[in-house]
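Here are a few short exercises to work through with the model open. Each task comes with a step-by-step solution.

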Amino acid sequence: LKSSPVSNPSPNTISLPVMRCSAVLLPLAAAQTYPAGKITAVVDVLPGTSCKAHPLMSYDVSKWTNNVVGYDSPQAIYGNDDLSDIMKVHEWAQRLTSGTYVVDGPDPLMYVCAFSPSEGYPPLFKQWHMCGCCYQLNTLNATNFIGYCEDTSGVCESMCTVTASGTQADRHYHIQVGKETAVVV
């Protein structure tokens, strides 16, 4: 396995008191096309994975959601074999869940994306720490979208590592979602 190419896009953001994010939607008319092939993502959520938001609060990965990134943002793990037929989306999970997920077709794309809860509004705490794992996967590379999430200290902590192997025709990604974090003050 070798590290995948990763890029960080520059989002247009909406400012909120604690978390800043923007919906990253694919407009159907202007959707980018991706090279044909098969994408296999093995998601491995390690036992005990959680994000310590505040000294009194910790959120395990089962509480993380997306609602921010991609064309089917209520889903945490989803994809499409052919983006020209957007109605045939695979909706695998609303939370990051260990498993193997596959898209295979002429224009494949997959998202693995969820963030720990924001503090909400109005904020009660001066320091609120957020974590997440958010990647868009295609047959060429994995794009990191963690920059679409910010807490009181800046960009949310990325809690996953992604490695890639295989060819463009048969790309494999291993996404490991890590353990508990400490509060960053």
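**Exercise 1.** What percentage of the 185 residues in the chain do buried residues make up?

*Solution.* Some ground rules: this is a predicted model, where local features need pLDDT of at least 70 and side-chain atom pairs count only at pLDDT 80 or more, while totals for chains, interfaces and linings use all residues. Residues are numbered from 1 along each chain as its sequence is written, and side-chain values use heavy atoms, leaving out hydrogens and water. Buried means under 20% relative accessible area, exposed over 50%, partly exposed in between (1.4 Å probe, protein chains only). With that cut-off, the buried share is 45%.

**Exercise 2.** Find the largest nonpolar core and the elements that feed it.

*Solution.* A nonpolar core is a set of buried Ala, Val, Leu, Ile, Met, Phe, Trp, Tyr and Cys residues joined through side-chain atoms within 4.5 Å. The largest one has 28 residues, and W64, L96, L137 and I175 have the most contacts inside it. Next, the strands (E runs in DSSP of at least two residues, numbered from the N terminus): those giving two or more residues include strand 2 (37–45) and strand 15 (170–177). Apart from this core sits another, of 20 residues, with V68 and F145 among them.

**Exercise 3.** Which side chains meet in a salt bridge?

*Solution.* Look for a side-chain nitrogen of Lys or Arg within 4 Å of a carboxyl oxygen of Asp or Glu. The count is one: K88 with D85, at 3.6 Å, N to O. Now check exposure: K88 is exposed at 59% relative accessible area, and D85 is partly exposed at 30%.

Terms used. Helices (H or I, at least four residues) and strands (E, at least two) are DSSP runs, numbered from the N terminus.
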